[in-house]
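Colleague: I would like to learn how to read a protein model, taking one feature after another. Could you guide me through it slowly?

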Amino acid sequence: MAGNEGEKCRYNIRLDTYGCGCQHNCSYCYARSLLSFRGLWDPATPRIADIHKIRRKIQKLSPGAVVRLGGMTDCFQPMELEHRVTYQTIQELNHRGIGYLIVTKSHLVAEPEYLNLMDRSLAHIQVTVTTLDDKRALTYEQASVPSKRIVAIQRLQESGFDTAIRLSPIIEEFMDFERLNTVEVEKGVVEFLRVNAWIKRWLQGVDFERYTFRQGGYQHLPLEEKLRILKKIQIPEITVCEDVTEHYLYWREYVNPNKEDCCNLRLHVQKKPDDNIQGL
């Protein structure tokens, strides 16, 4: 548990349907900073995963597993409209009775074809919002504008899916908290910004001097600053996803509704394979 957020996460089986770049190209993205350092980040033409390899990997998973779709890149970035690898991956997960946690900045996840595809007993969806200002968002992330994402969250909720707004990262300078607290969402996941030299170079309008706590190669806000910001959020059911070990232990003990699961998923009894086959 002394390592990063991935080692603390209950859902550490991660699958990227697109890789080595993401068309959203967010300025705060830790994956972008890690891959840029290695010369492997290409936001214009990310690699397309081989669906045959994905199916083989899924076949090795045990019923009851939950796979996170979108660990290093967004599984619903614009190229999904053409290549449909995420669509086919969800079909296979449904077929095998494997749960899936979708983390995305795209409204596409709530379009009718995906609403009709996803299994309510297997699917968990977190839609990320970092600001409620559509114009400001486009200055640092090339994803669906926040207003479309909010509509997507509400559509997913109304359709009966386990859905949360993911404030990841929550950046105080970017968020209108008064407006946020009027948005009709049931669940929220908070993750605070972690900063390195790349992110400082790319992201404008943030007071990085406040990020004085160092761990794991990143700078973080001190716990008292995180607590102050968290108090501004009035979403009914809130949980915190954390990278810093001692902060993680605090959220687990005093804040998160589920001490064993900082994503706070509403898990169902998993189906056996072939209970609800959708054509491949």
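Modeller: The turns that follow take up the sheet, a pair of helices, the empty spaces and two details of the backbone. Please keep in mind throughout that this is a predicted model.

Colleague: Let us begin with the sheet: in what order do its strands lie, and is the pairing parallel or antiparallel?

Modeller: The sheet is open and has seven strands, which follow one another in the order β1-β4-β5-β6-β7-β8-β11, and the pairing is parallel. At the edges stand β1 and β11, the latter formed by residues 237-241, and because each of them has a single partner strand, one side of each is left without a neighbour in the sheet. If direction is ignored, neighbouring strands of this sheet are turned by 25 degrees against each other on average.

Colleague: How many bridges hold the pairing of β7 and β8?

Modeller: Strand β7, residues 162-170, pairs in the parallel sense with strand β8, residues 187-192, over four bridges. To find the place by eye, you can look for R166, which stands opposite V189 in β8.

Colleague: Turning to helices, at what angle do α3 and α5 pack?

Modeller: The angle between α3 and helix α5, which covers residues 85-96, is about 25 degrees, and their axes lie 10 Å apart. Angles under 35 degrees count as roughly parallel, and therefore α3 is described as roughly parallel to α5. The crossing in which α3 passes α5 is right-handed.

Colleague: How does one look for empty space, and how much of it lies in the largest pocket?

Modeller: The general idea is that rolling a probe the size of a water molecule over the atoms shows where empty space is left. In this model the largest pocket holds about 260 Å³ of space. Its lining is made up of 15 residues, and those closest to the centre of the pocket are L15, D16, A49, I54 and K57. At least two residues of this lining come from each of β1 (13-15), β2 (18-19), β3 (47-48) and α3 (51-59), and α3 gives the most, with four residues. Sorted by class, the lining of the largest pocket has eight nonpolar, one polar and six charged residues.

Colleague: How many cavities of 30 Å³ or more does the structure hold, and which residues line the largest one?

Modeller: There are two cavities of 30 Å³ or more, and about 430 Å³ of space lies in the largest cavity. Its lining consists of 26 residues, among them C29, Y30, R68, K105 and S168, which lie nearest its centre. Two or more lining residues are given by each of β5 (99-104), β7 and β8, with the largest share, three residues, coming from β7. By class, this lining has 11 nonpolar, eight polar and seven charged residues.

The second largest cavity holds about 50 Å³ of space, and the residues that line it include E191, R194, H220, K226 and D243. Its lining has three nonpolar, one polar and five charged residues.

Colleague: Finally, which details of the backbone deserve a careful look?

Modeller: As a general rule, most residues other than glycine have a negative phi, and most peptide bonds are trans. Here a cis peptide bond joins S168 and P169, with an omega of about -5 degrees, and P169 has its place in strand β7. The second detail is C20, which has a positive phi of about 55 degrees although it is not a glycine, and this C20 is found in the loop between β2 and α2 (30-37).

Definitions and conventions:
Residues numbered from 1 in each chain as written. Predicted model: local features only at pLDDT ≥ 70, side-chain atom pairs only at ≥ 80, totals over all residues. Heavy atoms only, no water. 1 Å grid on protein atoms, 1.4 Å probe; cavity = no way out; pocket = protein on both sides within 12 Å on 5 of 7 lines; lining within 4 Å. Points joined across faces, edges and corners; volume = space filled by probe spheres on them. Nonpolar A, V, L, I, M, F, W, Y, C, P; charged D, E, K, R; others polar. Pairing = 2+ DSSP bridges. Axes fitted to C-alpha atoms, helices over the stretch in contact; angles between N-to-C directions. Parallel < 35°, antiparallel > 145°, perpendicular 65-115°, else oblique. Left-handed = near helix turned anticlockwise from the far one by under 90°.
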